[in-house]
Amino acid sequence: MKNFAGKICFVTGGASGAGLGQAKLFAKNGMKVAIADVRQDALDNAVKEIVAFAGCAESDVLALKVDLTNRAEYTAAADKVEETFGGPPHLLIQTAGVNSFGPVEASTFDDFDWVVGVCFDHVVNGLLIFVPRMIKAYANKEEFHVATTASMGGFMAGSGTGPYSAAKAAVNNLMYSYAETLGKYGGGATVLCPAN
């Protein structure tokens, strides 16, 4: 994407860290920004930070408390974005992520459910909930893009990051698949792979 002003951005994990930085940047560039997170206090603070940084109106920022692994909640959040801003996002940025940081041989089902749920399943949910809406609204008419934050951990094993590295490897592969297909609709896909 090259043109941002007046368009809609949705950022998961948008209440802190890299997600908050992304939300600030795109709000500063004139986008209406929706941020999703599980922590209401962090969302409240993030809205203030985005408005102060971007100089935008508070009505241009939508904070959504949502468990991104819960498909019903995520779908309701997508509906709220359309209701508030008049359409689905032109730019979907999936940045929410967690890591258990423990010996892989001591990992539990709960570790895998949590880490894979947030790091991979939430990405699947976002793609399946938003991309059909984006194609319907914008295909070959307006720019649209999906970006997901994976990790350099998706390219290498880690004795203390087994569930995380496996989930991020899956995210990489899935986003390559979307990159291959969205072009025919005038869209695009990016996977971001930061290191420590």
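How many salt bridges does the structure hold? The count is seven, in what is a predicted model, and a few of these pairs are worth a look before turning to the sheet. Take E143 and K7, whose side chains come together in a salt bridge with N to O at 3.4 Å. E143 sits in the loop between α4 and β5 while K7 belongs to the segment before β1, so this pair ties together parts that are 136 residues apart in sequence. The two ends differ in how much they see of the outside: K7 has a relative accessible area of 12% and is buried, whereas E143, at 24%, counts as partly exposed.

D79 and R133 make another of these bridges, with 2.9 Å from N to O. Here the link runs between helices, D79 being in α3 and R133 in α4, so parts 54 residues apart in sequence are tied together. D79 comes out as partly exposed, its relative accessible area being 39%. This pair does not stand alone either, since salt bridges with shared partners join D79, E82 and R133 into one network. Then there is D37 with R39, where the closest N and O atoms are 2.9 Å apart. D37 is buried at a relative accessible area of 7%, and R39 is partly exposed at 36%.

On to the sheet. Six strands make it up, open and with parallel pairing, in the order β3-β2-β1-β4-β5-β6. The edges belong to β3 (61-65) and β6 (187-192); each has a single partner strand, so one side of each is left without a neighbour in the sheet. From one strand to the next, the twist averages 10°. Five bridges hold β1 (residues 8-12) and β2 (residues 32-37) together in the parallel sense, and V11 is found opposite I35 of β2. Helix α5 (residues 162-182) packs on this sheet, where β5 (144-149) and β6 are the strands touched, and the direction of α5 makes about 160° with that of β6.

What does β1 do on its β4 side? β1 and β4 pair in the parallel sense over four bridges, and V11 turns up again, this time opposite I93 in β4. So V11 of β1 faces I35 in β2 and I93 in β4. Strand β4 also pairs with β5, again parallel and over four bridges, with V146 of β5 as the bridge partner of L92. Between these two strands the chain travels through α4, and the resulting β-α-β crossover is right-handed. As for the side chains of β4, L91 and I93 point one way and L92 and Q94 the other, and all are buried.

Next, the nonpolar cores. The largest has 37 residues, of which F10, V81 and V146 touch the most other members. The list of elements that each supply at least two residues to this core is β1, β2, β3, α3 (71-85), α4, β5, α5 and β6. Helix α4 gives the largest share, with 10 residues. For V81, once neighbours within four places in sequence are set aside, the contacts are I8, F10, A34, L62, L64, G86, G87 and P89. A second, separate core holds 21 residues, among them C9, F26, V47 and V61. This fits a familiar tendency: in soluble globular proteins, nonpolar side chains tend to be buried together.

A charged residue can be tucked away too, as K24 shows. K24 belongs to helix α1 (residues 17-28). With the cut-off for buried at under 20%, K24 counts as buried because its relative accessibility is 19%. Leaving out neighbours within four places in sequence, K24 touches E49, I50, F53 and A54.

Finally, two backbone oddities. Most residues other than glycine have a negative phi. F101 goes against this, with a positive phi near 45°. F101 is in the loop between β4 (91-94) and α4 (109-138), and counts as exposed at 63% relative accessibility. N140 is a further case, its phi being positive and near 55°. N140 lies in the loop between α4 and β5, and is likewise exposed, at 57% relative accessibility.

How values were computed. Residues are numbered from 1 along each chain as its sequence is written. This is a predicted model: local features need pLDDT of at least 70, side-chain atom pairs count only at pLDDT 80 or more; totals for chains, interfaces and linings use all residues. Side-chain values use heavy atoms; hydrogens and water are left out. Buried means under 20% relative accessible area, exposed over 50%, partly exposed in between (1.4 Å probe, protein chains only). Contact means heavy atoms within 4.5 Å. Two strands pair if DSSP finds at least two bridges between them. Axes are lines fitted to C-alpha atoms, for helices over the stretch in contact, and angles run from 0 to 180 degrees between N-to-C directions. A crossover is right-handed if, with the strands pointing away from the viewer, the path from the first strand over the helix to the second runs clockwise. A nonpolar core is a set of buried Ala, Val, Leu, Ile, Met, Phe, Trp, Tyr and Cys residues joined through side-chain atoms within 4.5 Å. A salt bridge is a side-chain nitrogen of Lys or Arg within 4 Å of a carboxyl oxygen of Asp or Glu.
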